[in-house]
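Hello,

Here is the structure I promised to pass on to you. Have a look at it, and then read my notes underneath.

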Amino acid sequence: MRLAFMRALFARLGLRAVTVWRGASIEDRLRPRPGRTFVSATFAEAIARDHYEGGEPEWTHLLVRQAVPVERLFMTYHETAAMNTIFHEAEAVLFARPHDGWP
């Protein structure tokens, strides 16, 4: 039901892909994370930049922007309005794909 809603919503908006961001500050080196189902991202560059700029200077910092097909969207902040009102994350939860380049 959720996926059908997402696809119908974005089709009605005429969108086949959306641009999402991911930012992180990692204490260790960046490593592949096989076997995961979801990747958390955001529609808001400012949120990703906040994550990117966090942490200690010697940590690994990354900022990624990517256009992803709507079919990869599992959930967005449109479905989680109560949480988005508090945290303003503009979240996009994506289905992970092996070797998709997302940390």
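**What I found**

Read from start to end of the sequence, the protein runs through the pattern α-β-β-α-β-β-α-β. That gives 3 helices and 5 strands. Please keep in mind that this is a predicted model.

A few overall values may help you get your bearings. The protein has 103 residues, and 28% of them count as buried. Its accessible surface is about 7,000 Å², with 56% of that belonging to carbon and sulfur atoms. If you take the contacts between residues at least 6 apart in sequence, 77% of them join residues at least 24 apart.

I then turned to one residue, threonine 42. Where does threonine 42 sit? Its place is in strand 2, which covers residues 38–42. Is threonine 42 buried or exposed? Its relative accessibility is 4%, and because buried means under 20%, threonine 42 counts as buried.

The side chain of threonine 42 has two polar partners in the backbone that you can look up in the viewer:

- A polar atom of this side chain lies 3.0 Å from the backbone nitrogen of alanine 44.
- The side chain of threonine 42 also reaches the backbone oxygen of alanine 90, at 3.2 Å.

Alanine 90 turns up again among the residues that threonine 42 touches. Leaving aside residues up to four places away in sequence, threonine 42 touches Val20, Trp21, Ile47, Ala48, Glu89, Ala90, Glu91 and Ala92.

Enjoy exploring it, and write back with any questions.

Best wishes

Key. Residues are numbered from 1 along each chain as its sequence is written. This is a predicted model: local features need pLDDT of at least 70, side-chain atom pairs count only at pLDDT 80 or more; totals for chains, interfaces and linings use all residues. Side-chain values use heavy atoms; hydrogens and water are left out. Helices (H or I, at least four residues) and strands (E, at least two) are DSSP runs, numbered from the N terminus. Buried means under 20% relative accessible area, exposed over 50%, partly exposed in between (1.4 Å probe, protein chains only). A polar contact is a pair of N or O atoms within 3.5 Å; within protein, one must be able to donate a hydrogen and the other to accept it, and residues adjacent in sequence count only if both atoms are side-chain atoms. Contact means heavy atoms within 4.5 Å. Accessible areas come from the Shrake-Rupley method with a 1.4 Å probe; for residues, only the protein chains shown count as cover.
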